[in-house]
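Let's take a walk through this model together, starting at a binding site and working outwards. Keep the viewer open as you read.

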Amino acid sequence: MRRGPRTPSAISSVLPPFRWIFPLTTLGLVLFIVIPPITLLSLSVSERFDLAYGILPSGLSFEMYTQWGGRILRSIRDSLFIAVPAVILCLLIGLPVAYALVRFKFAGRGIVSELVNLPMVFPPIVLAFGLMSLFKLGPLAPLGAWTAIILGHTVVSIPFMIRPLISALEQIDRSAEEAARSLGAGPLGAFMTVVLPNIVPSIITGMALVFARSISDFEITLLLTTPEISTMPIAIYHAFESGSTRLGAAVAMATNLFAVGVIVILEVLVRRARWW
Amino acid sequence: MVNAADLLVDRVTKTYGANTVLDDISISVQPGEFMTFLGPSGCGKTTLLRMLGGFAEPDQGRIVIAGKDVTSLPPNRRDCGFVFQSYALFPHMTVAANVGYGLKLRKTPKAELQKRVGEVLEIVGLSEFAGRYPRQMSGGQQQRVAIARAIAIRPSVLLLDEPLSNLDAKLRERIRFELRDLQKQLGITTVFVTHDQDEAMAVSDRIVVMSRGRLEQVGTPTEIYNAPASLFVADFVGINNILDGRMIDATGTFARAETGFGALEGIGAGQAPGSAVKITLRPESIVVAQGTSNDGAGFPGTIQMAAFLGSTARYEIRLRDGSILKVAAPRGALLPPGSDVTCRWAPEDVRIVQ
Ligand SMILES: Nc1ncnc2c1ncn2[C@@H]1O[C@H](COP(=O)(O)OP(=O)(O)OP(=O)(O)O)[C@@H](O)[C@H]1O
Ligand SMILES: [Mg+2]
């Protein structure tokens, strides 16, 4: 069979027309991702609350950061006090659940695997409302606001932990665990030495996602919080509400930097965690 | 390495729901023996092997390894080396760490551990790969790591579940013999599972032929091939002609049966005259001569299909009543389809059963 020379036009004709569309969509996407933070940055270092051309600062002043630094740091601390326990709880709950869903056949397995995704489908405000009636007014009120917010964040972020864990566990050959058993490992030993090292990247990914979900949460925190707890989103909200867009922008900027920093560190860890 | 191990499967039964996967199986494996479980897909080979390894528990019956009843012991307390079809190597560990895994769990001192790992890798010919990760190795190499890992702990029995089925044909044949050599060298009691009868024939001391959860026959490869205990074995192991007939009479170990193409004699006894029987005859036992014989000896037929296979020729010959005989003839002139021929065989090569 003779094959004719393949001309570039012959190749491009079989490809969908994304070639021409994607530069435009990508550009649009990048602009919409990049411009809002630039606006925020400008606003937070601007002398006045109106910006030149809508995105550039009018005059330069670090007043917001110097004057309100303590308040910004406090809200970072409050966010951490909530996000870190939520991440740990999600891992402690998510790992056994994911393992069971992948490895075991049990009654109600299908229902459970749907159920763990539910917090992602529900509008957060609906969940927040339910949690509020449970924690603020209901039987769990004595636990206090911190516990309530931590548990609330755990509930809404658990799918972000379980989903990567499930896909990682599904990749692991069950007989690798069995091989470990026949070589002398107990059930827990086989899990720790054969399964766990292989899912570390996904554990870190899950932790990053839960962390991101927790520090950006607004609705749940708002409905469960008390005046002494001010996470970053709550602080931003209060700043804007009290009429200071510049302060709001400064807190938001700090939030951004902090969140991006943590996520970048976790991303690096994910790459490092797979050494083989 | 002298090994006092011995393995006993004692009246083991296992059902999954209404499905009887193993039906009253009893097998005894001698120390140092290479035993193969052979049978078609779904006959329960893996299930039985996993029971030996401790990954499944029988509903009834006992499993004894090295004189100890292990029926309900977990895998880590059985002292079995298990090689999985998928190799099941630990992807995050080097070859050396994979092989040393079991020794490490046994708290072997570091120097001793390294020495043993080195020895085992030497045995399987992978010394220079100690530092590699499994994904950097070929299928055949991974297979050898899996075997090395299993024998490094010096188990009383080595259990292998279709360990060669993911390899290409050439490599499969080579590793098959390597495995056999290794087993002889170590003198380790071995149970090997396969559905490939050539493989079973080539490596085993004895073969257990299984079908639908039942034990059909236990015997040496020669016994299984030459004296199949059932029609299933006759059909499953090697190629066989299986013909319908009717019993005429029997004298001693020989019997005569009537077929559509004439009466024939073969080994068989105990069937009532007139009862329906099956007649088995190996293709290589049949001698084909060109032309029709005048003396009345042999059975006339016509060549339907002729194929040249290099070392042998394969024929399908249509006999007088239309039944087809598969024939494997030694190399020689290939007779063309349509030739009239006469088929002969010795009565000792014919078996009259059922
Ligand atoms: N956990 C299980 N639950 C239900 N049925 C099972 C289970 N394990 C095996 N079976 C059934 O038991 C029978 C024997 O399975 P087994 O895996 O032992 O076959 P096998 O001889 O190893 O076949 P193959 O050559 O295909 O590997 C099959 O019919 C299978 O469907
Ligand atoms: Mg099998």
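Twelve residues' worth of names is easier to follow in pieces, so start with the residues around ligand 1: Tyr16(B), Asn19(B) and Val21(B) come early in the chain, followed by Gly39(B), then Ser41(B), Gly42(B), Cys43(B), Gly44(B), Lys45(B), Thr46(B) and Thr47(B), with His195(B) completing the set. Do keep in mind that this is a predicted model.

Which elements of chain B each supply at least two residues of this shell? They are the strand β2 (19-29) and the helix α1 (45-53). The most generous contributor is α1(B), which gives three residues. Sorted by class, the shell around ligand 1 holds eight polar residues, three nonpolar ones and one charged residue.

Now zoom out to the rest of chain B. An unreviewed UniProt entry carries the annotation "domain: ABC transporter" for residues 7-237 of this chain. That span is 37% helix and 26% strand, and its end C-alpha atoms are 25 Å apart.

From here, move across to the partner chain. Where chain B meets chain A, 19 residues of chain B are in contact with 16 residues of chain A. On the chain B side, β6 (80-83) and α2 (95-105) each provide at least two of the touching residues. The class make-up of that side is twelve nonpolar, six polar and one charged.

Chain A itself is built from helices: there are twelve of them, and zero strands. How spread out is such a chain? Its radius of gyration is 24 Å, whereas the globule rule gives 19 Å for 276 residues; the value for chain A is well over that, so the chain is more spread out than a compact globule. The C-alpha trace of chain A spans about 75 × 70 × 35 Å along its principal axes. Of its 276 residues, 33% count as buried. Among the contacts in chain A with a separation of 6 or more, 70% come from residues 24 or more positions apart.

The division of chain A into domains adds another layer to the picture. Domain 1 covers 1-61 and domain 2 covers 66-272. The centres of these two domains of chain A, taken over C-alpha atoms, are separated by 31 Å. Seven residues of domain 1 are in contact with seven residues of domain 2. On the domain 1 side of this contact, five residues are nonpolar and two are polar, with no charged residues.

Definitions and conventions: Residues numbered from 1 in each chain as written. Chains lettered and ligands numbered in written order. Predicted model: local features only at pLDDT ≥ 70, side-chain atom pairs only at ≥ 80, totals over all residues. UniProt positions renumbered as here; feature names shortened; annotations may be inferred. Helix = DSSP H or I, 4+ residues; strand = E, 2+ residues; numbered from the N terminus. Domains from an automatic or database assignment. Contact = placed C-beta atoms within 7 Å. Nonpolar A, V, L, I, M, F, W, Y, C, P; charged D, E, K, R; others polar. Near = placed C-beta within 6 Å. Rg over C-alpha atoms; globule rule 2.2 N^0.38 Å. Buried ≥ 20, exposed ≤ 12 C-beta atoms within 10 Å, placed from the backbone.
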